[in-house]
Amino acid sequence: MPIRDEILIRARDLRKSYGEYEAVKGVDFEIKRGEAFGFLGANGAGKSTTMRMIGCVSQPSGGTMEVFGLDPHTDGPAIRSRLGVVPQDNTLDGMLTVVENMTVYAGYFGIKRKQAKAKAAELLEFVQLTARSEDQVSDLSGGMQRRLAIARSLINEPDLVILDEPTTGLDPQARHLVWERLFQLKEQGTSILLTTHYMDEAEQLCDRLVVMDEGLIIASGSPRELIDTHVTKEVVEVRFSGIHTTDLHDIAEKLEGIGAQIEPLPDRILVYTDDADATAIAIEARGIHPTSQLARRATLEDVFLRLTGRALVEDE
Ligand SMILES: Nc1ncnc2c1ncn2[C@@H]1O[C@H](COP(=O)(O)OP(=O)(O)OP(=O)(O)O)[C@@H](O)[C@H]1O
């Protein structure tokens, strides 16, 4: 589906403070109809805070924002009626059945019971939960609950679906099932806004994204543009068995000048390069003999590392 020029969200110098603490420090972005737009960043970057402002559950402390051309300060209910939201926390009612979660939620939008039931059936089919319709939600797996939350967010036929970390905490198979549904939503032309700290999720799903760090947007573009702008084509991962981190830093110093940049990590050294073969020869020529060398294409993880000096996901 083509991305259209219609701007759904326009934010300028958007800010949010909690007391003295500035969680969002002035960000600018525009989200167009038909695109899948991502906020990529580590925990605490300010992604959820930004989503809550868009969803009108939290008011900005500064700057301006239009959502569907409306003002979140004064038009919250009108904006919310056109949004689908999948929050980071599970807000399903575990005591109700799958289909009841759908129809009760439909009631908040004033959707009549008969219409709600028909729409719920259609959406449960879409997320492959028809067979579980009458089961209590607490009996579903985490992945199924996430798919149900996605189905529920679509009940009001929203102009934009916001998904805050849609696959965090899911196992790989459950993640892929969620991704499949999001791909299909994209195919159908639904506008999607998602936050994630998984670079593969951002790379696969997002047409455009911003990288957020410590309340600021530090880079923006398509995944390809971000990689092309901020890192080289390839990365050689150089490993040494049984070596201490401080010794790795010494070796990294000896590699300086090879490739475009050398990045020592606790367990390996990354060499950013446009020619992995020439890099391997240059490393040997300096008398350094790694246990292994792996050449791979550069990813958004490398973009994040080069921009912040930190890994995107440190605890998983
Ligand atoms: N209600 C609040 N009161 C005080 N501080 C808050 C509040 N909500 C968020 N913060 C702080 O603001 C910062 C940004 O949080 P936010 O939840 O937006 O980050 P995030 O990028 O979404 O990361 P995460 O994936 O951990 O949610 C964090 O330091 C967080 O502790």
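**The three-stranded sheet**

Begin by selecting strands β1, β2 and β4 of this predicted model, which form an open sheet in the order β2-β1-β4 with antiparallel pairing. The edges of the sheet are β2, residues 21-32, and β4, residues 62-67, and each of these strands pairs on one side only. Looking across the sheet, you will find that neighbouring strands are turned by 15° against each other on average, with direction ignored.

Now narrow the selection to β1, residues 7-18, together with β2, and follow the nine bridges over which the two strands pair in the antiparallel sense. To fix the register of the pair, show L14 and then its bridge partner in β2, which is V27.

**The ligand and its shell**

Keep β2 on display and add the ligand, which is surrounded by 13 residues, the closest being Y18, A23, K47, S48 and T49. The elements that give two or more residues to this shell are β2 and α1, residues 47-54, and the largest share, three residues, comes from α1. If you colour the shell around the ligand by residue class, you should see four nonpolar, seven polar and two charged residues.

**F68, after β4**

Return to β4 and move into the loop between β4 and α2, residues 76-81, where F68 is found. The phi of F68 is positive, about 55°, although F68 is not a glycine. Such a value deserves a second look, because most residues other than glycine have a negative phi. F68 is partly exposed, with 17 other C-beta atoms within 10 Å.

**The six-stranded sheet**

Next select the strands β5, β6, β7, β3, β8 and β9, which in that order form an open sheet with mixed pairing. At the edges of this sheet are β5, residues 83-86, and β9, residues 216-221, each of which pairs on one side only. The twist in this sheet averages 15° from one strand to the next.

Within the sheet, isolate β6, residues 160-164, and β7, residues 191-196, which pair in the parallel sense over five bridges. A useful residue to label here is V161, whose bridge partner in β7 is I192.

From the same sheet, go to the loop between β8, residues 208-213, and β9, where E214 is found. E214 is not a glycine, yet its phi is positive, at about 45°. With 15 other C-beta atoms within 10 Å, E214 is partly exposed.

**Two helix pairs**

For the helices, select α3, residues 98-108, and α4, residues 113-126, whose axes come within 9 Å and cross at roughly 130°. That angle makes α3 oblique to α4, and α3 passes α4 in a right-handed crossing.

Then turn to α5, residues 142-153, and α6, residues 172-187, which pack at an angle of about 15° with their axes 9 Å apart. These two helices are therefore roughly parallel to each other, and the crossing of α5 and α6 is right-handed.

While α6 is on screen, pick out W179, which is found in this helix. W179 is partly exposed, having 16 other C-beta atoms within 10 Å. Add Q204 to the selection and draw a distance between the C-alpha atoms of W179 and Q204, which are 25 residues apart along the chain and are separated by 8.8 Å.

**β10, β13 and helix α9**

Move on to β10, residues 234-239, and β13, residues 292-297; six bridges join these two strands, which run antiparallel. In this pair V238 stands opposite Q293 in β13. The strand β13 is hardly covered, as the count of buried residues among its six residues is zero.

Helix α9, residues 245-255, is the next stop, and of its eleven residues the number buried is one, so the helix lies largely in the open. Continue past the end of α9 to G257, which follows the helix and whose phi is positive, near 100°.

**The whole chain**

Finally, zoom out until the entire protein chain is visible, with its eleven helices and 13 strands. Along its principal axes the C-alpha trace spans about 75 × 45 × 40 Å. What percentage of the 316 residues in the protein chain do buried residues make up? Buried residues make up 38% of them.

Note on methods
Residues are numbered from 1 along each chain as its sequence is written. This is a predicted model: local features need pLDDT of at least 70, side-chain atom pairs count only at pLDDT 80 or more; totals for chains, interfaces and linings use all residues. Two strands pair if DSSP finds at least two bridges between them. Helices (H or I, at least four residues) and strands (E, at least two) are DSSP runs, numbered from the N terminus. Axes are lines fitted to C-alpha atoms, for helices over the stretch in contact, and angles run from 0 to 180 degrees between N-to-C directions. A residue is near a molecule or strand if its C-beta atom, placed from the backbone, lies within 6 Å of it. Ala, Val, Leu, Ile, Met, Phe, Trp, Tyr, Cys and Pro count as nonpolar, Asp, Glu, Lys and Arg as charged, and the others, Gly among them, as polar. A residue is buried if 20 or more other C-beta atoms lie within 10 Å of its own, exposed if 12 or fewer, and partly exposed in between; C-beta atoms are placed from the backbone. Angles under 35 degrees count as roughly parallel, over 145 as roughly antiparallel, 65 to 115 as roughly perpendicular and the rest as oblique. A crossing is left-handed if the near helix is turned anticlockwise from the far one by less than a right angle, and right-handed if clockwise.
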